[in-house]
Amino acid sequence: MQLIDKLTVLADAAKYDVSCASSGAPKRSSKGKSGLGATNGMGICHSFTPDGRCVALLKILLTNFCLYDCQYCVNRRSSDVPRARFTPVEVVTLTLDFYRRNCISGLFLSSGIIRSADYTMEQLIRVAKLLREEHQFRGYIHLKTIPDADPLLIPEAGRYADRLSVNIELPTESSLIRLAPEKQVGTIKQAMHSIHQGESEARAEKGAPRFAPAGQSTQMIVGADDTDDSTILHTAQSLYGAYRLRRVYYSAFSPIPHSPKTVPFEAPPLLREHRLYQADFLLRGYGFQAGELLSGPGNLALDIDPKLAWALANREHFPVDLNRAEPSLIARVPGIGVLSAKRLVALRRHKRIRFEDVSRLRCALEKAKPFIVTQDYRPLQAGNESQVLRQQLSETPAQMVLW
Amino acid sequence: MVSARFDGSFAGWRQAARELLQQGVTADQVTWYSHDGDTDLFAAGTPCATPHLATTAIRVPRQLLNLLESAARYRCADRWSLLYRVLWRVSHGDRSAMLAGDADGSELHKRLKAVRREAHHLHAFLRFQPCHVENGPDFVAWHEPAHDILHSASGHFAERMGQHSWLIATPQDGVYWDGQRLQHQQHCPQEWQQLAQAPGDEGQQLWLAYYGSTFNPARLNRSVLENNMPVRFWKNLPEGPLIPQLMSQARAGAQRDGQAQAVAQRSGKIIRYRNDSEQTPSGSVGPGLPR
């Protein structure tokens with residue numbers, strides 16, 4: 001099989017993993033040195049595909065042969081897909097060529113399980129080692145860890161990779177048992193724990209060899225089973241807490257060819273995925289707890305974003321006086337982000353905040369209006385009931401009924 | 001009114017602005033005329049206000065100069081007058097002119113953001129290709145930035161490219177990295193432009209194959225694509241012509257699953273699951289795994 005054919009098959013097989021970040025790596029440079037590559041902490045999206053997702057890394061599988069039979073996965077052993085396998089040298093050549101052309105910032109390598117979990121993991125590490133040691137590649141490397149592999153392989157992977165990840169795939173153990181019979185929550189969490197431990201040790205000891213400095217991430221598939229958003233967000237929150245994950249990615253289940261009957265055959269719930277990302281952002285960046293966003297079982301609202309939903313359900317905190325309130329409470333106002341909150345606080349040291357100032361900061365004023373007080377503005381009481389506001393601010397206004 | 005003429009560079013503007021400030025010329029009294037490198041520096045003379053030298057030094061925060069220098073890279077008709085207005089206000093004690101919530105500050109920060117974004121676009125959407133001309137650089141690229149960010153932002157590629165030499169040409173200016181130093185030409189030489197606009201090489205085919213396969217047709221989302229990768233860059237990206245093609249294929253097929261057509265057309269292979277012997281992965285599988 002030609003290299004270009006392998007690339008076609010193995011990129012197609014890898015695209016269901018939605019992780020794409022190339023951020024968080026320490027500063028490295030090859031200026032004037034042999035070898036290639038740099039990282040500066042910031043991720044760079046080098047292209048965007050027509051599905052709106054970014055291309056930051058060359059994301060491929062080493063092979064899509066797989067012994068596992070995960071029902072949601074296009075590469076499961078019972079799937080009738082064309083199979084291919086790269087040699088490690090082929091992956092290295094492609095990575096370096098695309099990197100020189102400035103098409104990518106690095107490599108994201110994953111693999112189907114071949115021969116054994118240990119063997120597969122060793123092959124992934126071999127590619128990273130070739131890049132780092134033989135080619136002195138200083139770009140970004142993200143390796144997908146094989147959860148059943150020997151934990152002793154993890155320190156080696158962490159030495160070459162900027163980021164490691166283990167996909168939990170499904171938010172509950174029962175779903176995993178049903179849809180991914182060869183995978184076990186226990187080994188997945190064990191792998192996450194080993195990575196977390198490696199990170200902590202490297203941080204604690206000065207001059208210790210580097211270990212996955214951009215941390216670890218994971219992915220949950222949304223919509224392949226009947227788990228609700230509340231369970232998903234609480235699982236994410238506990239992963240953030242237990243293993244210091246940098247990111248949880250949410251991948252709307254994408255129906256696959258010759259789909260087994262155990263998984264749905266429906267258009268992917270993209271809006272649901274979007275709301276989960278918004279909620280996840282509130283967990284990581286705004287100090288929200290999962291229980292504040294969804295106190296009981298159920299899903300996030302689709303017609304309004306989770307911050308607005310929280311504000312409408314917690315009217316006792318509002319309206320917020322922008323001239324007095326704590327920055328963290330200002331950042332909880334719908335339509336005002338963390339950056340704008342900081343800018344408002346900086347500005348109010350010089351002058352009283354007026355409505356016009358908020359508008360100049362390009363906040364989403366329509367959303368913010370009912371929730372803020374400024375020097376010259378106070379929301380009207382009448383017509384400000386949560387129910388009315390929700391109708392006004394909904395992104396999918398209900399169709400009027402025609403009689 | 002005062003006509004302030006300078007060479008079009010930030011350093012030139014700064015010099016002229018300092019003199020005007022010392023003469024107490026307010027922002028609404030100045031009209032700025034810039035001439036770039038080719039024309040005679042200050043040929044049309046100095047500001048016509050009566051020179052009156054201030055004895056006190058002008059004091060502004062160091063940070064302000066950095067902001068003004070960055071904002072000066074923003075291409076627009078009143079590029080320099082806003083900078084002078086902000087400088088005037090801050091030097092007279094009104095520091096809110098630097099803040100995003102202020103009337104002038106908000107315009108300043110809008111420009112700073114656009115300039116930062118355009119530098120990021122250079123880092124993201126520039127494509128090098130190997131150059132096979134004798135004594136030429138190893139790699140060349142053609143890029144069309146909307147603001148004057150090439151010189152300040154292209155050091156990024158020296159960090160990435162190791163000992164390779166490279167050249168970036170734009171319709172306005174150009175940079176050449178010989179492996180040690182960055183050379184900036186205010187007017188991009190003709191031969192640089194020709195080198196950089198050479199037609200795409202064979203090697204791009206691999207990239208196009210990757211780009212086509214990593215797209216999930218079941219998730220078509222044109223508006224997100226266009227927000228993140230403005231259409232004006234498409235014509236200089238190798239994958240640009242592929243975008244409309246991929247979109248119409250996805251729509252025509254009204255695809256419900258994510259697999260690329262090129263992959264779906266091939267014959268597939270189910271992996272037989274056997275518990276017994278050790279096997280190689282080339283067409284068969286290894287020992288069974290514990291359930």
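Asp303(A) sits in the loop that links helix H9 (290-293) to helix H10 (306-313) of chain A. Everything described here comes from a predicted model, so no experiment stands behind the positions. Loop or not, Asp303(A) counts as buried, because its relative accessibility is 18% and the cut-off for buried is under 20%. Its side chain has a polar partner: the side chain of Arg390(A), at 2.7 Å.

The loop between H9 and H10 of chain A also holds Asn299(A). This residue is partly exposed, with a relative accessible area of 45%. Leaving aside residues up to four places away in sequence, Asn299(A) touches Asp228(A), Asp229(A), Arg272(A) and Leu294(A). With Asp229(A) there is a closer look to be had: the side chain of Asn299(A) reaches the backbone nitrogen of that residue at 2.8 Å. Ser110(A) is another matter, as its C-alpha atom and that of Asn299(A) are separated by 31 Å, with the two positions 189 residues apart along the chain.

Two other loops of chain A are worth a stop. Asn64(A) has its place in the loop between strand S3 (58-61) and H2. With a relative accessible area of 2%, Asn64(A) is buried. Its neighbours, not counting residues up to four places away in sequence, are Val9(A), Leu10(A), Ala13(A), Asn75(A), Val81(A), Pro82(A), Arg83(A) and Ala84(A). Ala84(A) also takes part through its backbone nitrogen, which the side chain of Asn64(A) reaches at 2.8 Å. Pro209(A), in turn, belongs to the loop between helix H6 (185-204) and strand S7 (216-222) of chain A. Here the label is exposed, because the relative accessibility of Pro209(A) is 61% and the cut-off for exposed is over 50%. In sequence Pro209(A) and Arg159(A) are 50 residues apart, while in space their C-alpha atoms are 7.1 Å apart.

Next comes helix H3 of chain A, which runs over residues 117-134 and has 18 residues. From its first C-alpha to its last it reaches 25 Å, close to the 26 Å expected at 1.5 Å a residue. Quite a few of its residues are tucked away: the buried ones include Ala117(A), Tyr119(A), Met121(A), Leu124(A), Ile125(A), Val127(A) and Leu131(A). The list is not purely nonpolar, though, as Thr120(A), Gln123(A) and Arg132(A) of H3(A) are buried too. What lies over these buried residues? The cover includes helix H2 (88-100), strand S4 (106-110), strand S5 (140-144) and helix H4 (153-160) of chain A. Just after H3(A), Gln136(A) takes a positive phi of about 45°.

The largest nonpolar core has 144 residues. Those with the most contacts inside it are Leu7(A), Ile60(A), Tyr72(A) and Phe98(A). H3(A) gives the most to this core, with 8 residues. Phe98(A) has partners in both chains: not counting residues up to four places away in sequence, it touches Leu7(A), Leu58(A), Cys103(A) and Ile104(A), along with Leu206(B), Trp207(B) and Tyr210(B). There is also a second, separate core of 30 residues, and among its members are Ala72(B), Trp80(B), Leu83(B) and Met98(B).

Now for chain B as a whole. It has 11 helices and 7 strands, and of its 291 residues, 46% count as buried. Among its contacts with a separation of 6 or more, 64% come from residues 24 or more positions apart. An unreviewed UniProt entry carries the annotation "domain: DUF4130" for residues 78-239 of chain B. That span is 43% helix and 11% strand, and its end C-alpha atoms lie 36 Å apart.

How far can the picture be trusted? The predictor gives the complex an ipTM of 0.92 and a pTM of 0.90. For chain B the mean pLDDT is 86, and 85% of its residues reach 70 or more. Over residues 37-51 of chain B, however, the pLDDT is below 50, and this stretch has 19 contacts in the model beyond near neighbours in sequence. The pLDDT is also below 50 over residues 276-291 of chain B, a stretch with 37 such contacts. Where pLDDT is low, the predicted coordinates should not be read in detail.

Methods: Residues are numbered from 1 along each chain as its sequence is written. Chains are lettered from A and ligands numbered from 1 in the order in which they are written. This is a predicted model: local features need pLDDT of at least 70, side-chain atom pairs count only at pLDDT 80 or more; totals for chains, interfaces and linings use all residues. Side-chain values use heavy atoms; hydrogens and water are left out. Helices (H or I, at least four residues) and strands (E, at least two) are DSSP runs, numbered from the N terminus. The expected span of a helix is 1.5 Å times one less than its number of residues. Buried means under 20% relative accessible area, exposed over 50%, partly exposed in between (1.4 Å probe, protein chains only). Contact means heavy atoms within 4.5 Å. UniProt positions are given in the numbering used here, feature names are shortened, and annotations may be inferred rather than shown by experiment. A polar contact is a pair of N or O atoms within 3.5 Å; within protein, one must be able to donate a hydrogen and the other to accept it, and residues adjacent in sequence count only if both atoms are side-chain atoms. pLDDT is the predictor's confidence in each residue, from 0 to 100. A nonpolar core is a set of buried Ala, Val, Leu, Ile, Met, Phe, Trp, Tyr and Cys residues joined through side-chain atoms within 4.5 Å.
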